[in-house]
Amino acid sequence: APDIPVIDQAYSKLSNSITVEWRAVPGATNYMLTAQDGDSFVETIVKSSPGTVTGLKPATLYRITIRSINSGGKSQPSPFRKVKTVLAAPILSVHSPSCDSIAVSWKAVPMAAGFSVSLMRSDGLGRMLKENTTNTSLIFTNLDPGTLYTIKAYAWNANGMPGDDFMYNQRTSPNAPVDVKVAFNSGALRAVVSWMPTEGALTYSVVVSSGLLKLRCNTSSASCIVPSLHCGSEYYISVTAYNDAGPSKPTDAVSLKTIPCAPVNISIEEDEPGHLLVSWSSVSFGHYYVVFVKSDDGLEVHCNTSHTQCHFQSDCGFTYFISVFAYNKAGQSPLGDIFNYTTAPCCPSDFRAVFMSSDTVRVTWAPVRGADLYETRAAGGSAVVLCKDTATACTLSALRCDTPYNITVYSVSEARGSNTSCAPQYVATAPCSPEIKNISKEGLSVISVQWQSNNEEATYVVTARGEAGLWHCTSTGNSCTLMDLPCGSAFSVSAVARSPAGQSLPSYSVALETAPCCPNDVVLTQVTQSVTNISWSVGMGAQTYVTTLESPKGQAKCHTLQNYCLLGCITCGTNYTVSLRAISETGLTSSCTYQGYSSSACCPSGVKLYRLSNSGIRVFWRASDEAINYNADLCGSKGNFSCTPSSGLSHCDITEIPCGDVYTVVVAPVADKMAKLTFCPKKIYS
């Protein structure tokens, strides 16, 4: 084993190590250093002197020995040396409480009698500051803001021996930024905040506050954009600079008033036709307001006011688009809701009412702006008739006759409803139709017509219409008389009422039939002594006839469909009254009287013939009346002969008649106008 080394010196420069110096031992390849503290020790193998034992405790007394080592083994420990480790370095806690100060603090170091702390700019500029203290903290002031400083500290013991030192780099906090400026973008509702850069500042924080709301913007540049600001708000803006030491003091707050918010509670009223009133609620920071009103035809007007309402002229049937803006020094408020207001449609013009019938009127008008629909209302009495249509015409039916109506055409739009300011038009309906109650005959050709009058003021016209023509009568009452109606005619009688408003519908027709006409010509012909033939011309309207021959001696009557009749049981030589009744199909009768009729004289009786000579005969008879003249006729194949006796005689002679012939002898009274009667009895004479 090698020789025992000898320690020349042993010392501690660091609190966790002791350095040992010795003379080299020949043949030794390594050395073992041992530091013993009581029962504990620390060993270290080194190659040569000096050697250092580490891992020791600060301010602790150690026994230091050394042994040399080679391949043969270890030498014995050298005589020991007592060496105490130096004090441990204080562990600093450093911060910059302000932009011109640094505060240093540390924990107490065992066995330390005092502390030495020095500070110097890391860039070497300026002088070093050093402080000795027995305290565990101190503050360096009057430093440069935002500057990096190097701090060195160590403790010393009672002998004044310094311990380990501790170094720390600390920057002072930056100074507050200056020249803060705010540029507000009203359109984007954001602000650009700028300032002069501050020495030593690494970052900046911009705080924008309004009430409980706080917005932050962090940046490393000298400006920052603060978005999403609210309208109608006042913000206070401050800037704080930051570095690793902490923040600067915030700058004095800069006030920013944003643009006002868009006005709300906008109401639009048409306080009277043609005038719009736009009103709204006031807004914060609104100095004045501008209202824009644009009509749907492109025309735009505006109103500038510091109040909260504006008046505008308006036209019917237009839609107006209305927006309200508030203004202040920051600019114009954002666009709020755009309101549209449609004025009531215009009232229809060129109003015309034409009656299609007594209870139907057709109303037409010119189209108007803004109307989607038209409502026609006819009010008369307690009744109302309505008509709705998109067309510019309407037919009102089922109107009451003889009634004044106020007809109003309202224009209607979906947006605004009905224009109730349209003026009515007065229209009166035609009179009501009269109702014929009675038709009576007051004379041969005089008819009285009565009706029910149910109109206020009307003139009534009664018309009798038939094949024979038209007959009229007029009255303002409830009856009138038709004069000179022809006989034997059928009529349809109706009545209408007339007034300035028009003419009513005709009443229901009532049939009227006049009595049949009396035949103009009546001819009586005696057919036999007891039979008379009576004939007559046709009586207009007559269907059957009743003829009567009447005398004190009796009556002969005949009822027939024909215009002639044979009447029997006629008494010869008698005066008769002739009457005829013409009867219509419905039983109407006309009694007709004519000139009296006398039947022929009676034929003589007891006719006898006596021969006077070969060429003459005497005819005898017995006269029915001595005042009657007779005539005797002798008719044969060889000639006709006659004789007339003198007045009062009942015989006459016929001479110079051819013999050898058969004659027919008739004795007959001589009729009026010397006409011969052919119905008396004949005698045959040979």
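Is cysteine 659 buried or exposed? I began with this residue and found that cysteine 659 counts as exposed, because its relative accessibility is 55% and the cut-off for exposed is over 50%. I keep in mind throughout that the model is a predicted one.

**Entry 1: the cysteines**

I looked up how many disulfides there are, and the count comes to 14. I then went through three of the pairs in turn.

The disulfide between cysteine 231 and cysteine 261 has an S to S distance of 2.0 Å, and with 100° about the S-S bond this link is right-handed. It ties together distant parts of the chain, 30 residues apart: cysteine 231 sits in the loop between strand S20 (223–226) and strand S21 (234–243), and cysteine 261 in the loop between strand S23 (254–257) and strand S24 (267–272). I noted that cysteine 261 counts as partly exposed, at 24% relative accessibility.

For cysteine 387 and cysteine 394, which also form a disulfide, I wrote down a sulfur-to-sulfur separation of 1.4 Å. Cysteine 387 counts as buried at 13% relative accessibility, and cysteine 394 counts as buried at 2%.

The third pair I looked up is cysteine 643 with cysteine 652, where the S to S distance is 1.8 Å. The torsion about their S-S bond is about 45°, so I recorded this disulfide as right-handed. Both cysteine 643 and cysteine 652 are buried. Cysteine 659, by contrast, is in no disulfide, and the nearest cysteine sulfur to it, that of cysteine 635, is 18 Å away.

**Entry 2: threonine 429**

Where does threonine 429 lie? I found it in the loop between strand S39 (425–428) and strand S40 (435–441). Threonine 429 is buried, because its relative accessible area is 2% and buried means under 20%.

I next asked what its side chain reaches. The side chain of threonine 429 comes to 3.0 Å from the backbone nitrogen of aspartate 402, and a polar atom of that side chain also lies 2.8 Å from the backbone nitrogen of threonine 403. Leaving aside residues up to four places away in sequence, I listed what threonine 429 touches, and among these residues are Phe355, Ser358, Leu399, Tyr405 and Ala501, as well as Asp402 and Thr403.

**Entry 3: a hairpin and a sheet**

I turned to strand S53 (residues 575–583) and S54, which run antiparallel and are joined by five bridges. One of the pairings I checked sets serine 579 against threonine 593, its bridge partner in S54. The two strands form a hairpin with five residues between them, and in the turn glycine 587 has a positive phi of about 100°.

Which residues of strand S54 (residues 589–593) point to the buried face? Ser590 and Cys592 point to one face and are buried, while Thr589, Ser591 and Thr593 point to the other face and are not.

Further along I looked at an open sheet of three strands, whose order is S56-S57-S60 and whose pairing is antiparallel. Strand S56 (605–613) and strand S60 (651–655) stand at its edges with a single partner strand each, so one side of each has no neighbour in the sheet. From one strand to the next the twist averages 20°. Between S56 and strand S57 (residues 616–622) I noted six bridges in the antiparallel sense, and the bridge partner of serine 613 in S57 is glycine 616.

**Entry 4: backbone angles in loops**

Most residues other than glycine have a negative phi, and most peptide bonds are trans, so I set aside a page for exceptions.

Asparagine 142, in the loop between strand S13 (137–140) and strand S14 (148–156), has a positive phi near 55°. This asparagine 142 counts as exposed, at 70% relative accessibility.

Phenylalanine 285, which is not a glycine either, has a positive phi of about 65°, and I found it in the loop between strand S25 (275–279) and strand S26 (288–295). At 26% relative accessibility, phenylalanine 285 counts as partly exposed.

The last exception I entered is a cis peptide bond between serine 49 and proline 50, with omega about -5°. Proline 50 lies in the loop between strand S4 (40–46) and strand S5 (51–54).

Technical notes. Residues are numbered from 1 along each chain as its sequence is written. This is a predicted model: local features need pLDDT of at least 70, side-chain atom pairs count only at pLDDT 80 or more; totals for chains, interfaces and linings use all residues. Side-chain values use heavy atoms; hydrogens and water are left out. Helices (H or I, at least four residues) and strands (E, at least two) are DSSP runs, numbered from the N terminus. Buried means under 20% relative accessible area, exposed over 50%, partly exposed in between (1.4 Å probe, protein chains only). A polar contact is a pair of N or O atoms within 3.5 Å; within protein, one must be able to donate a hydrogen and the other to accept it, and residues adjacent in sequence count only if both atoms are side-chain atoms. Contact means heavy atoms within 4.5 Å. Two strands pair if DSSP finds at least two bridges between them. Axes are lines fitted to C-alpha atoms, for helices over the stretch in contact, and angles run from 0 to 180 degrees between N-to-C directions. A disulfide is a pair of cysteine sulfur atoms within 2.5 Å.
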